[in-house]
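These are my notebook entries on one model. I list what I looked up, in the order in which I took it up.

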Amino acid sequence: MTDPTNDHRTAQAGPGHTGGGPPAARPATGPEQNGHGAGPEPGRGIFDKDLLDRCISCGFCLPACPTYALTGEETSSPRGRITLMRALETGRLDEDDPTLAEESSFCLGCRACETVCPAGVEYGLLLEQWRDHQWRGRHRPWLARLLMALVSRPWLLRLQGLVRRHARGGGSPAAKPETGPADQPVSLMLGCVERGLYPKVSRAVQQLCPEVTVPPGQGCCGALHAHNGDSRTGAELAEALGERLPGTVLTTAGGCAAHLAHHLGRDRVEELSEYLDRDGRRPTGQVTVDGRRARATLQDSCHLRNGLGVSRPPRDLIAEVADFVELPGADRCCGAAGTYSMLRPSDSRAVLDPKLEDLDRLDVDFIVAVNPGCLRQLQQSLRRRRSRVRAVHLAEFLAMASGPGTGGGTGSREL
Ligand code: SF4
Ligand code: SF4
């Protein structure tokens, strides 16, 4: 079959393409293609039609898209991908089409396109629906299947908790819920990745927020499933976790926060920085390096920033305990993108590399992350580059500031 986006390959981005307004060329989403004008084409029910019809093909999203920046190809842009989704929906392309397979995978799912879209296209939901169809069964990457199977087994997560017992702060996790600032119980969600790779993060949260409890028997929140072609299981896991965690669900992972907020309601879920910020709580002490106040920057979590609109609180908190320096393009994806860095390592590195170069020029001691996937991506890449900059989670950074003893923490190289 022909590529329905070929018509507007002429609109590819050159150097001047990402600087100004949207690319002027119209995509191949004319009247007969978007279901208007010549009469709607029958749909296959893969997508929510209202969501798919919302795109007006204006192209404002193109400069915001990291994969479009890499290739300059319309097919690798949000608008081009929506054109592909429409072709899939109407049957003009079938799911075995190689462009469909490639682009459903190449997209980072960062949702940067949503923040600039004047028509309110919920691209993240469209991508979930696309992958539900495109990646079903044997079409789902085997690594994603393996990870989803691992985090779906509560006994494996319990095993992680036993192996890394300090993830629970060594306390009695089944304690009666205490109440937070708003007289609501506050339950700390441990997170599948975090409890295994970064157990010190939950210990740091308990140090910063002694009112939180860590209910036992937590499962996966389902974000991994929703982003990898199984949104039904993603929803079921989110709802099950919501029943196990009383009151406010506090999370230190931007990706989990956005997924849980979508399924449990925005008022049930808070990411750490907004939780601390809500009542104006400020960390104490400062982070020092070699006897001076540390310089620190932030890498946004895409889903926290683009999905939940949280960007100021982590910056304010860092600025309380260190000299905050804004990283150019902090709002751009770091290339971790859930399983993306494992499924597409070279594309992931291509997305990250310009950020690392900016970071070199910034002369900071720390880059702070608010999502474990971003933290892992940054730590590994900085280690490979033998950079002096250390990547650290926000919770650990703030806990480091209050430090043991007198309110002055030291930037430890162990992190
Ligand atoms: S997704 Fe939004 S910004 Fe992008 S082309 Fe469609 S309407 Fe325009
Ligand atoms: S989710 Fe990110 S990578 Fe995918 S189309 Fe939108 S901006 Fe581009």
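**Entry 1: the sheet.** I began with this question: in what order do the four strands of the open sheet stand, and is their pairing parallel or antiparallel? I read the order as β7-β6-β8-β9, with parallel pairing. I note that the model is predicted. I then looked at the edges, which are β7 (323-324) and β9 (390-393). Each of these two has a single partner strand, so one side of each has no neighbour in the sheet.

**Entry 2: pairing, strand by strand.** I went through the pairs in turn. Strand β6 (residues 295-299) is joined to β7 by two bridges, and A296 stands opposite F324 of β7. Between β6 and β8 I found four bridges in the parallel sense, with T297 opposite I367 in β8. The pair β8 and β9 is also parallel and has four bridges. In that pair, V368 has V392 of β9 as its bridge partner.

**Entry 3: the two faces of β8.** I asked which residues of β8 point one way and which the other. F366 and V368 point one way, whereas I367 and A369 point the other way. All four of these residues are buried. I recalled the general rule that side chains in a regular strand alternate between the two faces of the sheet.

**Entry 4: the helix on the sheet.** I looked up which strands α20 touches. Helix α20 packs on the sheet and touches β6, β8 (366-369) and β9. The direction of α20 makes about 95° with that of β9.

**Entry 5: the nonpolar core.** The largest nonpolar core has 104 residues, and I noted V368 and F397 as those with the most contacts inside it. Helix α20 (residues 394-402) gives this core its largest share, seven residues. I then listed the contacts of V368, leaving out residues up to four places away in sequence: A296, L298, P314, I318, V392, L394 and F397. As a general point, nonpolar side chains in soluble globular proteins tend to be buried together.

**Entry 6: the chain as a whole.** I counted 20 helices and 10 strands in the protein chain. The chain has 415 residues, of which 50% are buried. Taking contacts between residues at least 6 apart in sequence, I found that 74% join residues at least 24 apart.

**Entry 7: R195.** I asked why R195 is classed as buried. This residue belongs to helix α9 (residues 192-197). R195 counts as buried because 22 other C-beta atoms lie within 10 Å, and the cut-off is 20 or more. I also recorded its distance to P372: the two are 177 residues apart in sequence, yet 9.8 Å apart in space, C-alpha to C-alpha.

**Entry 8: ligand 1.** I looked up the surroundings of ligand 1 and found 14 residues, of which C55, C58, C61, C117 and A119 come nearest. Helix α3 (residues 78-90) supplies the largest share of this shell, three residues. By class, I recorded 11 nonpolar, two polar and one charged.

**Entry 9: ligand 2.** Which residues come closest to ligand 2? I found C65, P78, C107, C110 and C113, out of 14 that surround this ligand. Helices α2 (66-71), α3 and α5 (112-116) each contribute at least two residues to the shell. I recorded its classes as 10 nonpolar, two polar and two charged.

Terms used
Residues are numbered from 1 along each chain as its sequence is written. Chains are lettered from A and ligands numbered from 1 in the order in which they are written. This is a predicted model: local features need pLDDT of at least 70, side-chain atom pairs count only at pLDDT 80 or more; totals for chains, interfaces and linings use all residues. A residue is near a molecule or strand if its C-beta atom, placed from the backbone, lies within 6 Å of it. Ala, Val, Leu, Ile, Met, Phe, Trp, Tyr, Cys and Pro count as nonpolar, Asp, Glu, Lys and Arg as charged, and the others, Gly among them, as polar. A nonpolar core is a set of buried Ala, Val, Leu, Ile, Met, Phe, Trp, Tyr and Cys residues joined through C-beta atoms within 7 Å. A residue is buried if 20 or more other C-beta atoms lie within 10 Å of its own, exposed if 12 or fewer, and partly exposed in between; C-beta atoms are placed from the backbone. Two residues are in contact if their C-beta atoms, placed from the backbone, lie within 7 Å. Two strands pair if DSSP finds at least two bridges between them. Axes are lines fitted to C-alpha atoms, for helices over the stretch in contact, and angles run from 0 to 180 degrees between N-to-C directions.
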